[in-house]
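Here is a quick tour of how some helices and strands fit together in this model. Have the viewer open and follow along.

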Amino acid sequence: MTAALSLSPTAVADWVPFAKAFGFFLATFILEDVATVGAGLLLATGEISWPAAFTACFLGIWMGDFGLYALARYGGRTWFERSSLRRFATKVAESEQWFEKKGTPILIFSRVVPGARLPTFLAAGFLRVPLPRFLLITGVAACVWTISVLYLVQIFGERLSGWLGTYKHAGFLLLGGLIVLIALLQILRRTFVNFDSRRFKARLGRWTRWEFWPYWLFYPPVAIYGLWLMIKYRSITVPTASNPGIFSGGMVGESKMETLKELHATSPEFTAEAILIEGETLEARLRLLDEILARPNVSFPFIMKPDLGQRGDGIKLIRAREQAEAYLRFTAAPVLIQSYAPGPHEAGVFYYRYPSETRGHIFAITEKIFPVLIGDGKSTITELVWNDPRARFMADKYLKRFAKRKDEVLAAGEELKLVESGNHAQGCIFRDGERMATPELLARMDDISQKITGFYIGRYDIRYASEDDLRAGKNFQIIELNGASSEATNIYDARNSLFDAYRTLFKQWDLVFGIGAANCRRGCVPTKLALVWRKRMEYTRLSATYPAAD
């Protein structure tokens, strides 16, 4: 055979030790302990030299350790920074500090506990342990471990191999038992040490009120109905054609600034003015902030909110420059500064019009009620929240918002507004406002809507001082226009049944698909699914950087 390969027997003999060493080197990437024991057994029989066995096993083990570290640091951590999980960044930062102090003995200990190396080295990479430190510790540990295993196996041969096998299984069992024990202790600590009966009862109560259900429990019937509509209209993306003048029809990724800009250009008397802040660096954004604050038509308070936003995320009432700067330091996303429409009332008006129609319709009106606490001169804000029959269901949200004031006692009769954003997810109360749907209001909304290029369906969020004025279609300010994915939020009126809520949402999506299909027949092209998905991921990444809403 060697003749067929045109190699002499001497050359083949020279290559065999190298092939064995290279084989052990590769085997360490699969089962490093087994590979090292195998090299030790060949050492015992004299079929491989010490330098070859040690070099192959040590380099393989060390490079494998670095591979796990690099995977977590440059792959996992990068993904984390761009994902919605970034909201746990504070916890991760705390873990980094902890690993900085405890990391050295943990890295060394993991070398001698089978099964501990994979999670430990991944954690080291994810928590950004300095690379030189990681390589030094794991290099020394791998060197000592490799020499020890090779030496012991060479001396004790096959008996030690069997012992290592038993030790390996025992090590896995020990590690598994340790993980289960830690998990049980954490559960017991959370249940009994930090048990809060008020929070426990409130969480149970949320399950009995569908308006507080999590999205994964509430939306499956809507998703199933959406699938049926996709089949009916033979298109997944036809809703993106419902508003040709808005990116993706307003399904995802649309700029609030773009719609507000057009609204202000066409109906300035009804639109709260907004200015966009964006820039490559924080310094550039702060310079732009100062330029905006110097303008005569800009004054405190004003609203700051992300240009790409949903469900009231990141909306804050700004009363001083320091707050505005803190907002810009919190997120690098494009941000709007919008003049504050004092209201004090707010409503969501859901409007639609088929392209073939000359006049539009009001599909639903939501009256938004901002809950307030009234002080009694004795109770803290925390106690007032827990004693309120409705606020207690949103206690976690409210108490997080007022974390710095939670122990403050409000004077008797003093009021505290619990939420500034007119969003149900942020703690605003929604009521059906159908009584405000007058011909005059419809005429005004229709006039405003038909001035917006390519707009047919969506919800206006508007602020007003007097219900009579709103019913007359005058003296209100539009603070947002949401596109096809917005909801007729009157469904969240607690007086509605779950069946009523689904019936309204099904009608709404009938309209979105129907208008989208009508626009397609007129030549509009739906947004490509890949682009919609990419924008969805972009929004998910950005929203994780938004500050908590007021």
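## Helices α3 and α5

α3 and α5 sit oblique to each other, because their angle falls outside the ranges for roughly parallel (under 35 degrees), roughly antiparallel (over 145) and roughly perpendicular (65 to 115). The angle itself is about 50 degrees, and the axes of α3 (residues 50-82) and α5 (residues 117-126) are 7 Å apart. Axes here are lines fitted to C-alpha atoms, for helices over the stretch in contact, with angles running from 0 to 180 degrees between N-to-C directions. Helices (H or I, at least four residues) and strands (E, at least two) are DSSP runs, numbered from the N terminus.

Before going on, a word on the source: this is a predicted model, where local features need pLDDT of at least 70 and side-chain atom pairs count only at pLDDT 80 or more, while totals for chains, interfaces and linings use all residues. Residues are numbered from 1 along each chain as its sequence is written, and side-chain values use heavy atoms, with hydrogens and water left out.

α3 passes α5 in a right-handed crossing, that is, the near helix is turned clockwise from the far one by less than a right angle (anticlockwise would be left-handed). On the α3 side, D65, L68, Y69, L71, A72, R73, G76, R77 and F80 meet L118, F121, L122, A124, G125 and F126 of α5; contact means heavy atoms within 4.5 Å. By class, that contact has ten nonpolar, two polar and three charged residues. Ala, Val, Leu, Ile, Met, Phe, Trp, Tyr, Cys and Pro count as nonpolar, Asp, Glu, Lys and Arg as charged, and the others, Gly among them, as polar.

## Helices α2 and α6

Now for another helix pair. α2 (residues 32-45) and α6 (residues 131-156) pack at about 45 degrees, their axes 8 Å apart, which makes α2 oblique to α6. Their crossing is right-handed.

From α2, the contact takes in D33, T36, V37, A39, G40, L41, L43 and A44, and from α6 W145, T146, V149, L150, V153 and Q154. Sorted by class, these residues come out as nine nonpolar, four polar and one charged.

## The five-stranded sheet

Which strands make up the open sheet, and in what order? The order is β9-β6-β5-β10-β11, with antiparallel pairing; two strands pair if DSSP finds at least two bridges between them. β9 (429-432) and β11 (476-482) are the edge strands, each pairing on one side only. On average, neighbouring strands are turned by 30 degrees against each other, direction ignored.

Six bridges join β10 (residues 457-464) to β11 in the antiparallel sense, and Y460 has L481 of β11 as its bridge partner. Helix α11 (residues 256-266) packs on this sheet and touches β10 and β11, its direction making about 140 degrees with that of β11.

## Around β4

β4 (residues 335-339) is mostly covered, with four of its five residues buried (under 20% relative accessible area; exposed is over 50%, partly exposed in between, using a 1.4 Å probe and protein chains only). β1 (residues 274-277) pairs antiparallel with β4 over four bridges, and A274 is matched with Q338 there. β2 (residues 302-306) also runs antiparallel to β4, joined by five bridges, with P306 opposite V335.

## A548 and I315

A548 lies in the segment after α19 (529-543) and is partly exposed, at 46% relative accessible area. A548 and I315 are 233 residues apart in sequence, yet 7.7 Å apart in space, C-alpha to C-alpha.
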